[in-house]
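Let's sit down with a new structure and learn how to read a few of its features. Ask away as we go.

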Amino acid sequence: MRRFIRRPVRGKVLSVGLRTGLRWKLSAAIALVGALVAIALSLVVHNAARVSMLDNARDLADERVQIAQRNYELSGRPNFPSIKIDDPELPPELRQKVGQGRRATYVTDHSGPIPDIWAAIPVKDGHVLSLHTHFTDRSTDVMKDLDQALVIGSIAVVVGGSALGVLIGGQLSRRLRKAAAAANQVAKGEPDVRVRDAIGGVVRDETDDLARAVDAMADALQQRLEAERRVTADIAHELRTPVTGLLTAAELLPPGRPTELVLDRAKAMRTLVEDVLEVARLDSASERAELQDIMLGEFVARRVAAKDPEIMVRVVHESEVTTDPRRLERVLFNLLANAARHGKPPVEVTVEGRVIRVRDHGPGFPEELLAHGPSRFRTGSEDRAGEGHGLGLTIAAGQARVLGARLTFRNVRPTGTPEDIPAEGAVAVLWLPEHAPTNTGSYPILQ
């Protein structure tokens, strides 16, 4: 269960709400409906039973007063139990009916919870014979037993409805959770996962329709991404030959500043084409790691020293890992190149067990990269005037995925520093797996 509190914060309003599971919502709805139906039926049954018993009591009182009338007319005196002549406590409504020469009965609840039963009849000498009785103890006990049975039955209905709601809602909730888990696997790049197969079950309902729609959407997106990847790979592959020829021709030009500019742009174009091809291969999930056992700290220190001796490498804890050295070097060099291009010195590399950290002291990673991860052809420069073509971190993330590693990004910001204060550096962290990857993409890249 997750709670949301609504309160004003510097002119903003935070949401308020209560998030619960589907099974509990369905259970509460069924319990509420069951309670309302049980209460309504209990009231109807109670009133119907009470009216029926009162009618029986009035019929009995009417029969007794008629017998008393016949005895009075024969003997001239009331000789029937509880019969009174001209009772001053006779209710006015009943007295009015009898005054019209009619035999009548009357029920009053004014004296307490147990109703009073009245019956009256006029006699020949102008007097009124009346009978005053109460609801019998047996009838009262019957009503109490009936009310108790109705209460127990209502509670049983509510409890049973709640249990049924939990059962039905739990089954539906499990199917939806399985569907959500399968959809997340599809989102992480597992093309063989299908939501409909994941939820299983024999009964077909709206969940199956949702699963089929998600599967159809995943298939369509997969086909579109595959088509885009093939187009990108084909274009980059076709560009390799003319770019290579352009670079060869530029090297034959006479020495001078124009030749240097042409060579520089031709080399940049060749690098771009090679990077695009590498990204296309990584997207196709066809890359496989060639694993070797290496001492991670020694490997990183040697590779970094060969690339830039000014970068400080600190090995906190040495560890032997099973990985692909070539791909690990590619990830490491791309992270160092990004730190050198977009950050500020000094650039520091720390190795601790299976974890490699690359930190610079620049303005930090863009917020969009921290939120969504690296994107191709995006350098973080709003005016697009930044250096590079924005594929370095994308390639690093793809190679890390092949290695079964996690690549995370964060900015260095002292505790309590406001968000509007610039960061004091960026940190890229590569977490190598404890066990060697068995296939491409078996471990997700967490951003």
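**Reading the model, step by step**

A: Let's begin with one residue: Asp-62 is buried, its relative accessible area being 15%. Keep in mind that this is a predicted model.

Q: Which residue does the side chain of Asp-62 meet in a salt bridge?

A: Here's the general idea: side chains of opposite charge can pair when their charged atoms come close. In this case, the partner is Arg-103, with 2.5 Å from N to O. Arg-103 sits in the loop between helix H2 (92-99) and strand E6 (104-108), while Asp-62 belongs to helix H1 (residues 22-75), so the pair ties together parts that are 41 residues apart in sequence. Unlike buried Asp-62, Arg-103 is partly exposed, at 43%.

Q: How many salt bridges does a search of the whole structure find?

A: Seven. One of them joins Glu-298 and Arg-302, whose closest N and O atoms are 3.4 Å apart. These two residues are four apart in helix H7 (residues 296-307), so about one helical turn separates them. Glu-298 is partly exposed at 47% relative accessibility, and Arg-302 is partly exposed at 43%.

Q: Are Asp-324 and Arg-327 buried or exposed?

A: Both are buried. Asp-324 and Arg-327 also form a salt bridge, and their closest N and O atoms lie 3.3 Å apart.

Q: Which residues does Asp-215 touch, leaving aside those up to four places away in sequence?

A: Arg-194, Val-195 and Arg-196. Asp-215 itself is in helix H5, and it counts as buried, with 9% relative accessibility.

Q: What makes up the nonpolar surface patch?

A: To join a patch, a residue needs over 30% relative accessible area. Here Leu-22, Leu-176 and Leu-210 make a nonpolar patch of about 230 Å². Take Leu-210: its relative accessible area is 48%, so this residue counts as partly exposed. Leu-210 is found in helix H5 (residues 206-251).

Q: Where does pLDDT stay under 50?

A: The general rule is that where pLDDT is low, the predicted coordinates should not be read in detail. In this chain, pLDDT stays under 50 over residues 1-17, where the model has 23 contacts beyond four places in sequence. Residues 381-389 also stay under 50, with 16 such contacts.

Q: What about the chain average, and which elements have the lowest and highest mean pLDDT?

A: The average is 77, and 81% of the residues score at least 70. Among the elements, strand E3 (residues 12-13) has the lowest mean at 42, and strand E13 (residues 355-359) has the highest at 92.

Terms used. Residues are numbered from 1 along each chain as its sequence is written. This is a predicted model: local features need pLDDT of at least 70, side-chain atom pairs count only at pLDDT 80 or more; totals for chains, interfaces and linings use all residues. Side-chain values use heavy atoms; hydrogens and water are left out. Patches are made of residues with over 30% relative accessible area and no salt bridge: like charges are joined within 9 Å, nonpolar side chains (Val, Leu, Ile, Met, Phe, Trp, Tyr) within 5 Å. Accessible areas come from the Shrake-Rupley method with a 1.4 Å probe; for residues, only the protein chains shown count as cover. A salt bridge is a side-chain nitrogen of Lys or Arg within 4 Å of a carboxyl oxygen of Asp or Glu. Buried means under 20% relative accessible area, exposed over 50%, partly exposed in between (1.4 Å probe, protein chains only). pLDDT is the predictor's confidence in each residue, from 0 to 100. Contact means heavy atoms within 4.5 Å.
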